[in-house]
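Subject: Structure for you to look through

Dear colleague,

I am handing over the structure below, together with some notes on what I found in it. Please open it beside this email, so that you can follow each element as it comes up.

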Amino acid sequence: MERFRARHKQPENDYNVDLDEAVKPENLTGDGEVRAKASGAIAAELVRYAGLDENSALARYATTGRGRNEELREEYLLIHHDPSAPEPIRELVAWFASGVIAAENTYGRFPHRPHGQTPSLRAILWETSTGEGKEAIAVNVPADTPTEIIRRLCDRLTPLLDELGAPFEAFLKLPDVNATADNLQKTFQDFYIGSYDDREALVRELTEYNQWEEEITKLCQQHGIPEGVVTIDLDELWHYVEGGWDIIPDRDGRLHVFMT
């Protein structure tokens, strides 16, 4: 441990990056992640710590700055789950994984971590899938979830998909839904509002659109305004609806709505 701490303070890496300095809040990106150069230096440090060879995913990342989380996690999770790994190394794993996942996730950085706080892999949800081919199911799982558990998720989720259908599949895509949680069906039922064929049907159902339309028609008739001159801007109303609910489209174009 002491030998590691001494090396940690003065890391030998090709990036000339002091890893203690690299993870200080003032040196992070605006999104709270380590910068690219520091991320490469961390990968190099993890390679040295774990004794990985030059063909490992982490070694390739250290050299090129490229690599998919699906391959990288197979190596960094071995360190993360090793009870003998020193805490400074575990923190480096967390910083590295957080940056890689934030770059891949379509919804960006996990929103609830204060800037500069060391990431927790358990608190970060990673976008991935379970199952193969046409049977693959898009899910979000805690970043420290072992690969074997992700593979087995398909067996658990398929009966729920058969029972609850496309709305449940859309629910699993919400960025804050943990597919490994025990209470998935209840959470779905608590937050699901409805499904709609298109934007207009959704807006009419979730707002007072129909009432407003009737009042506009009466007002136009009273003042002799030709029909169609005064209308509701559906696009503007859609922006309002988007801000109030979570809306997930499916492959058939239907819109599934959930409470935020």
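Is the crossing of H7 and H9 left-handed or right-handed? In this model, which is predicted, the two helices make a right-handed crossing. The contact there is made by Arg156, Leu157, Leu160, Glu163 and Leu164 on the side of H7, and by Leu184, Gln185 and Phe188 on the side of H9. Sorted by character, the residues of this contact are 5 nonpolar, 1 polar and 2 charged. As for the geometry, the axes of H7 and of H9, which covers residues 184-191, come within 11 Å and cross at roughly 35 degrees.

H7 (147-164) also appears in the surroundings of another helix, H5, since it is among the elements that cover the buried residues of H5. The others included in that cover are the helices H3 (36-50), H4 (57-64) and H6 (87-104), and the strands S1 (125-130) and S2 (137-142). The residues of H5 that are buried are Asn69, Leu72, Arg73, Glu75, Tyr76, Leu77, Ile79 and His80. When you look along H5, which runs over residues 69-80, please note its length: a straight helix of 12 residues would span 16 Å at 1.5 Å a residue, whereas H5 spans only 14 Å between its end C-alpha atoms. H6, by contrast, has 18 residues and reaches 26 Å from its first C-alpha to its last, which is close to the 26 Å expected at 1.5 Å a residue. H6 is also mostly covered, with 13 of its 18 residues buried.

Next come the two strands S1 and S2, which run antiparallel and are joined by 6 bridges. They form a hairpin with 6 residues between them, and in the turn you will find Gly131, which has a positive phi of about 95 degrees. Two of the facing positions can be followed by eye: Glu127 has Asn140 in S2 as its bridge partner, and Thr128 stands opposite Val139 in S2. Because 5 of the 6 residues of S2 are buried, this strand is largely enclosed by the rest of the structure.

Thr128, which is found in strand S1, deserves a separate look. Its relative accessible area is 18%, and because buried means under 20%, Thr128 counts as buried. Leaving aside residues up to four places away in sequence, Thr128 touches Ile137, Ala138, Val139, Val141 and Ile150.

Finally, there is an open sheet of 3 strands, which has the order S3-S5-S4 and antiparallel pairing. Strands S3 (192-196) and S4 (245-249) stand at the edges with a single partner strand each, so one side of each is left without a neighbour in the sheet. On average, and with direction ignored, neighbouring strands of this sheet are turned by 20 degrees against each other. S3 is joined by 4 bridges to S5, which covers residues 255-259, and within this pairing the bridge partner of Ser195 is His256 in S5. Helix H10, made of residues 199-206, lies across S3, S4 and S5 and runs at about 140 degrees to S3.

With best wishes

Terms used
Residues numbered from 1 in each chain as written. Predicted model: local features only at pLDDT ≥ 70, side-chain atom pairs only at ≥ 80, totals over all residues. Heavy atoms only, no water. Expected span 1.5 Å × (residues − 1). Buried < 20%, exposed > 50% of the residue type's maximum accessible area, 1.4 Å probe, protein only. Contact = heavy atoms within 4.5 Å. Axes fitted to C-alpha atoms, helices over the stretch in contact; angles between N-to-C directions. Left-handed = near helix turned anticlockwise from the far one by under 90°. Nonpolar A, V, L, I, M, F, W, Y, C, P; charged D, E, K, R; others polar. Pairing = 2+ DSSP bridges.
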